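Okay, thanks everyone for squeezing in. I'll take a few minutes to walk through one model, so have a look at it while I talk.

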Amino acid sequence: MYYHLIPLPSVCPRHRLVYLSIFHSTFLMFGGILILFGRECLLEQLADEIDEGKAAMDITQVVLYGMGGMGKTQIALEYVYRHHKDYSSVFWINASSEQTTKTSFIQIMEQLIEYHATLFDEPDYKRIDSLLGMAGKLGSVGLFSTEKPEEEQHVIKAVKKWLTAKQNNKWLLVFDNLDDLESFDINDYIPSCDFGTIIITSRRRGSTQGRRGLEVHQMQNNEAEKLLLTSARLDLGRLIPEECKFEEAAAAAIVKILDTFPLL
């Protein structure tokens with residue numbers, strides 16, 4: 001099995017089996033290459049933390065935390081872009097509330113059903129129901145109900161069970177925007193197993209409890225200025241010295257006003 005589930009985090013209403021989606025101004029694409037300004041060190045640290053966790057033979061959980069607008073989501077997405085081939089499956093979960101988390105798990109099940117249906121000449125939903133632990137909840141055309149709370153919980157439990165299967169141990173979950181630590185417990189949605197990788201993005205330092213944590217700080221002035229000038233598609237090499245100095249000074253002034261926040 002080899003597929004990836006990469007939606008637009010907090011934007012795309014449905015998860016899809018698609019190529020990497022690119023969003024927000026911090027990401028720039030030139031000839032198919034993503035560039036994330038000023039975050040190479042953090043990306044390397046994130047990769048190192050994940051590798052260390054895998055070596056420990058346990059489920060790996062790393063939290064990217066820091067103020068809003070620092071680019072935590074973008075760092076997680078860039079990691080996925082660079083390392084998705086290391087995983088058999090990648091799932092992006094909108095964890096901004098318990099309901100969005102539940103919705104993400106339901107959408108994961110929908111995609112698992114859709115994927116398994118492609119493995120047969122004619123979709124055998126009875127067999128797929130059994131494979132995915134749906135306990136007869138899957139209809140003859142591959143649909144299921146989540147109108148009742150217990151039906152919702154059954155789907156979530158089935159997804160977690162699928163993630164804990166021993167032969168399915170190279171998945172990556174990204175819980176994006178886990179800022180609400182009071183209304184629900186994210187641990188209820190984390191599989192109980194000794195494998196798999198989880199990245200969490202959060203504004204809350206408390207989300208690192210029992211997990212590896214990386215704080216995402218503001219960009220340096222020169223990094224923010226370079227990002228701004230590149231976003232504006234300004235080729236300083238084609239400008240005369242006076243124009244170049246003017247644009248650089250203008251960028252420096254804007255960066256100062258924005259306090260180097262990359263997503264403002």
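Let's start with Asp-48, which is partly exposed because its relative accessibility comes out at 45%. Keep in mind, by the way, that what you're looking at is a predicted model. Asp-48 sits in helix H1, residues 40–55. And it has company: together with Glu-44, Asp-51 and Asp-86, Asp-48 forms a negative surface patch.

Now, staying with H1 for a second, follow the chain into the loop between H1 and E3, and you'll find Met-57 there. What's the phi of Met-57, given that it's not a glycine? It's positive, about 60 degrees. Met-57 is also exposed, because its relative accessible area is 65%, and the cut-off for exposed is over 50%.

Right, on to strand E3 itself, residues 60–65. How many of its six residues are buried? Six of the six, so the strand is largely enclosed by the rest of the structure. In a regular strand, side chains alternate between the two faces of the sheet. So let's go through E3 by side: Thr-60, Val-62 and Leu-64 are buried on one side, and Gln-61, Val-63 and Tyr-65 are buried on the other. Both faces are covered, in other words.

Who are the neighbours? Strand E6, residues 197–202, pairs with E3 in the parallel sense, over six bridges. If you want a spot to click on, Val-62 stands opposite Ile-199 in E6. Then there's strand E7, residues 212–215, which also runs parallel to E3, and four bridges join those two. Tyr-65 has Glu-215 in E7 as its bridge partner.

While we're on E6, have a look at the loop between strand E5, which is 171–176, and E6, as that's where Asn-177 lies. Here's another non-glycine with a positive phi: Asn-177, at about 65 degrees. Buried or exposed, or something in between, for Asn-177? It's partly exposed, because the relative accessible area is 23%, and buried would mean under 20%.

Last stop, His-116, which you'll find in helix H3, residues 98–117. His-116 is buried, because its relative accessible area is 7%. And how far is His-116 from Asp-129 in space, C-alpha to C-alpha? That's 9.9 Å, with the pair 13 residues apart in sequence.

That's my tour. Happy to rotate the model if anyone wants another look.

Terms used: Residues are numbered from 1 along each chain as its sequence is written. This is a predicted model: local features need pLDDT of at least 70, side-chain atom pairs count only at pLDDT 80 or more; totals for chains, interfaces and linings use all residues. Side-chain values use heavy atoms; hydrogens and water are left out. Patches are made of residues with over 30% relative accessible area and no salt bridge: like charges are joined within 9 Å, nonpolar side chains (Val, Leu, Ile, Met, Phe, Trp, Tyr) within 5 Å. Accessible areas come from the Shrake-Rupley method with a 1.4 Å probe; for residues, only the protein chains shown count as cover. A salt bridge is a side-chain nitrogen of Lys or Arg within 4 Å of a carboxyl oxygen of Asp or Glu. Lys and Arg count as positive and Asp and Glu as negative; His and the chain ends are not counted. The place of a charge is taken as NZ of Lys, CZ of Arg, CG of Asp or CD of Glu. Buried means under 20% relative accessible area, exposed over 50%, partly exposed in between (1.4 Å probe, protein chains only). Two strands pair if DSSP finds at least two bridges between them.
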